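Biologist: I am new to reading protein models and would love a close look at one small part of this one. Could you walk me through it slowly?

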Amino acid sequence: MNIEWAALGQVFGVSLVVTVGIVGLFTVGIVGTSRRPRQEGETAVADGPGAGARTAAVAAFALCAAAVAYGIYLIVAT
């Protein structure tokens, strides 16, 4: 049995980068949809995210979904 360590290292590196990237994108989506914290002295309930933040969140979630769909395609396609 012969292990190709260079290929194993490449797979590990690409997997690490893609995983961190998808988690980062998902985090951007979560932050973009979260409510703004109430400031001191403010009596009203905090507003929701602005239009730009919501657009960025939707785009981040769409990129995450596309990455997952592509991964499933790579696994299932023969």
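Biologist: Let us start with I22: is I22 buried, partly exposed or exposed, and why?

Modeller: Happy to help, and please keep in mind that this is a predicted model. I22 has a relative accessible area of 26%. Buried means under 20% and exposed means over 50%, so I22, at 26%, counts as partly exposed.

Now let us see where this residue sits. I22 belongs to helix 1, which covers residues 5-33 and packs against helix 2, residues 51-76. The angle between the two helices is about 150°, and their axes are 8 Å apart. Angles over 145 degrees count as roughly antiparallel, so helix 1 and helix 2 are roughly antiparallel to each other. Helix 1 passes helix 2 in a left-handed crossing. Helix 1 contributes I22, L25, F26, V28, G29, I30, G32 and T33 to the contact, while helix 2 contributes A53, R54, A57, A60, F61, L63, C64 and A67. Sorted by class, this contact has 12 nonpolar, three polar and one charged residues.

Back to I22 itself: beyond its neighbours within four places in sequence, I22 touches C64 and A67. Its C-alpha lies 8.9 Å from that of A60, a residue 38 places away in sequence.

For a second viewpoint, try A57 in helix 2. With a relative accessibility of 1%, A57 counts as buried. Setting aside neighbours within four places in sequence, A57 is in contact with G29, G32 and T33. The C-alpha atoms of A57 and G29 are 3.9 Å apart, although 28 residues separate the pair along the chain.

Methods:
Residues numbered from 1 in each chain as written. Predicted model: local features only at pLDDT ≥ 70, side-chain atom pairs only at ≥ 80, totals over all residues. Heavy atoms only, no water. Axes fitted to C-alpha atoms, helices over the stretch in contact; angles between N-to-C directions. Helix = DSSP H or I, 4+ residues; strand = E, 2+ residues; numbered from the N terminus. Parallel < 35°, antiparallel > 145°, perpendicular 65-115°, else oblique. Left-handed = near helix turned anticlockwise from the far one by under 90°. Contact = heavy atoms within 4.5 Å. Nonpolar A, V, L, I, M, F, W, Y, C, P; charged D, E, K, R; others polar. Buried < 20%, exposed > 50% of the residue type's maximum accessible area, 1.4 Å probe, protein only.
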